[in-house]
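Look over the sequence and the model first. Then read on for a short tour of its strands, helices and charged pairs.

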Amino acid sequence: MRILGYPWGCIPQSCCGACALAACCLGVALLCNLVHAGEEECTRRFVGMSPSDWALSKIVWWLVQLIGMRNWVPMLKLLPGFDAVRFAAHPHGSDDLRHIALTFDDAAGSSGMEELLEVLRELDVQATFFAIMNAFTFASTDVLAGAAAAGHEFGNHGVGWETMMGMTRGELMAAIDTWETRIRSILPRWPASDGDLKLFRPPSALQGPAMAELLEEKGYLSVLGDVYADDVHIADTDFHTRLIVNAACDGSIVVLHVTNVEAPRQTLAIVRSIVPQLRSLGFRFVTLSQLLAAERRDLPLCCFSPPVVACVLAAGASLLAASAVLAGRVLRVSLWLLGCLGTEALRGWGHCPRGRRHQAGSTSRAPRPGALLLGAASEPADGVQARPSSGRASELGSLESG
């Protein structure tokens with residue numbers, strides 16, 4: 001059966017070809033990045049980050065970091081609302097140390113937060129916390145106040161666990177203002193110093209044009225990160241530790257989540273493991289404001305390769321083309337089904353005749369379902385003889401009698 005010129009249920013060959021082209025482009029991007037990194041760096045990334053049990057989610061994040069998150073950023077910035085989002089900082093170029101920022105989402109007044117602050121104090125690390133200022137967090141003001149007194153930085157992460165993408169402008173304004181009012185009632189000052197930035201991290205990493213416009217009006221800088229592997233849903237301390245240590249480079253922003261009684265308590269173990277290892281590789285831990293303030297925009301991003309970016313963009317364009325072809329097929333099939341349902345409904349209500357009778361000796365076929373939509377002419381059914389009309393029959397009878 002063919003519908004609008006295409007076989008029913010057949011995935012277009014162009015769609016399969018586009019997906020194959022996207023896979024080839026990503027493969028070339030991976031190869032280019034490993035070659036660009038050099039033999040030693042290639043071995044460190046490929047072997048050091050490789051997961052042990054090869055779960056699908058781990059393989060996906062492993063491949064993402066092998067290509068390099070910074071090489072995905074130009075494609076991500078094509079999304080509406082993401083053009084001003086920062087994912088990493090440029091090198092600072094002032095000394096031999098490489099700078100890195102440790103950031104934590106969902107900071108809350110829980111026992112996990114208190115333990116994390118104690119670990120950071122023992123390791124002498126200052127971090128940036130993106131706090132959700134809901135009733136639970138706001139009820140434990142002493143924890144956040146103690147974190148600020150220890151030199152940690154705070155950024156806006158909304159007032160609830162849900163995403164802010166679907167909010168109206170008024171709702172976004174109210175959420176941002178509520179967060180600022182609550183944080184300023186806890187801390188002596190926010191931002192803590194004149195050099196600190198008003199930082200915002202969109203919940204679930206979802207941000208639209210309306211949100212981006214409002215954040216710019218209110219003086220916020222939206223920040224995500226370049227070293228991340230879904231620590232909320234992947235419970236594997238060793239995998240996260242090896243990925244962070246081997247994917248980090250100068251100007252990296254590491255994204256982790258504060259643990260609490262509901263979530264797997266692996267963040268504490270990850271922090272205890274990555275801090276000594278990264279320091280041995282020449283990294284210095286700073287807050288996010290310090291990282292972005294010290295960057296030199298004239299220096300190229302670390303681990304950034306234009307050929308790899310070109311391959312990633314080509315892969316994205318191929319997948320977009322495949323999605324467009326599939327969407328067109330779904331639309332055509334949907335229209336065909338609607339035509340079928342509409343035709344059958346009209347027949348059931350008695351408003352659509354089964355077909356007109358033709359002259360004697362001719363055959364007729366009931367219209368196929370959806371024939372009106374598809375523009376196909378009705379054809380006579382095989383073996384069905386049409387009877388003459390009553391007027392024509394009486395005329396023939398009078399001629400015979402004469």
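A residue counts as buried when its relative accessible area is under 20%, and as exposed when that area is over 50%. Between those limits, a residue is partly exposed. Take Glu-295. Its relative accessibility is 12%, so Glu-295 counts as buried. Its salt-bridge partner is Arg-297. Arg-297 reaches 55%, so Arg-297 counts as exposed. The closest N and O atoms of this pair are 3.7 Å apart.

**The whole protein**

This is a predicted model. The protein has 402 residues, and 43% of them count as buried. It holds 15 helices and nine strands. Now look at contacts between residues with a separation of 6 or more. Of these, 76% join residues 24 or more positions apart.

**Strand S3 and its partners**

Start with strand S3, residues 98–107. Nine of its ten residues are buried, so S3 is largely enclosed by the rest of the structure. Strand S3 pairs with strands S8, S9 and S4. The table lists these pairings.

| Strand paired with S3 | Residues of that strand | Sense | Bridges |
|---|---|---|---|
| S8 | 252–257 | parallel | six |
| S9 | 283–286 | parallel | four |
| S4 | 128–131 | parallel | four |

Single residues show how the strands line up. Ala-101 has Ile-253 as its bridge partner in S8. For His-99, the bridge partner in S9 is Arg-284. Which residues stand opposite Phe-104 in S8 and in S4? In S8 it is Leu-256. In S4 it is Phe-129.

Strand S8 is mostly covered too. Six of its six residues are buried. Both faces are covered. One side carries Ser-252, Val-254 and Leu-256. The other side carries Ile-253, Val-255 and His-257. Two of these residues have already appeared: Ile-253 as the bridge partner of Ala-101, and Leu-256 as the residue opposite Phe-104.

**Two helices side by side**

Next, find helix H3, residues 56–67, and helix H10, residues 237–247. They pack at an angle of about 10°. Their axes are 11 Å apart. Angles under 35 degrees count as roughly parallel. That is why H3 is described as roughly parallel to H10.

Which residues make the contact? From H3 come Lys-58, Trp-61 and Gln-65. From H10 come Phe-239, Leu-243 and Ala-247. Four of the contact residues are nonpolar, one is polar and one is charged.

Lys-58 has a second role to note. Together with Asp-53 and Asp-236, Lys-58 is linked in a network of salt bridges.

Ser-50 lies in the loop between helix H2 (39–48) and H3. Is Ser-50 buried or exposed? Its relative accessible area is 17%, so Ser-50 is buried. Leave aside its neighbours within four places in sequence. Ser-50 is then in contact with Arg-45, Trp-62 and Arg-242.

**Salt bridges**

How many salt bridges are there? The count comes to 14. The pair Glu-295 and Arg-297 is one of them. Two more pairs involve helix H8, residues 169–186.

In one, the side chains of Asp-177 and Lys-218 meet, with an N to O distance of 3.0 Å. Asp-177 lies in H8, while Lys-218 sits in the loop between helix H9 (209–217) and strand S7 (220–222). These parts are 41 residues apart in sequence, so the pair ties them together. Asp-177 has a relative accessible area of 29%, so Asp-177 is partly exposed. Lys-218, with 22%, is partly exposed as well.

In the other, Arg-184 forms a salt bridge with Glu-180. Their closest N and O atoms are 3.2 Å apart. Arg-184 and Glu-180 are four residues apart in helix H8, so about one helical turn separates them. Arg-184 has 42% relative accessibility and therefore counts as partly exposed. Glu-180 has a relative accessible area of 9%, so Glu-180 is buried.

Finally, return to the opening pair. Glu-295 counts as buried at 12% relative accessibility. Arg-297 counts as exposed at 55%.

Terms used: Residues numbered from 1 in each chain as written. Predicted model: local features only at pLDDT ≥ 70, side-chain atom pairs only at ≥ 80, totals over all residues. Heavy atoms only, no water. Axes fitted to C-alpha atoms, helices over the stretch in contact; angles between N-to-C directions. Parallel < 35°, antiparallel > 145°, perpendicular 65-115°, else oblique. Contact = heavy atoms within 4.5 Å. Nonpolar A, V, L, I, M, F, W, Y, C, P; charged D, E, K, R; others polar. Salt bridge = Lys/Arg side-chain N within 4 Å of Asp/Glu carboxyl O. Buried < 20%, exposed > 50% of the residue type's maximum accessible area, 1.4 Å probe, protein only. Pairing = 2+ DSSP bridges.
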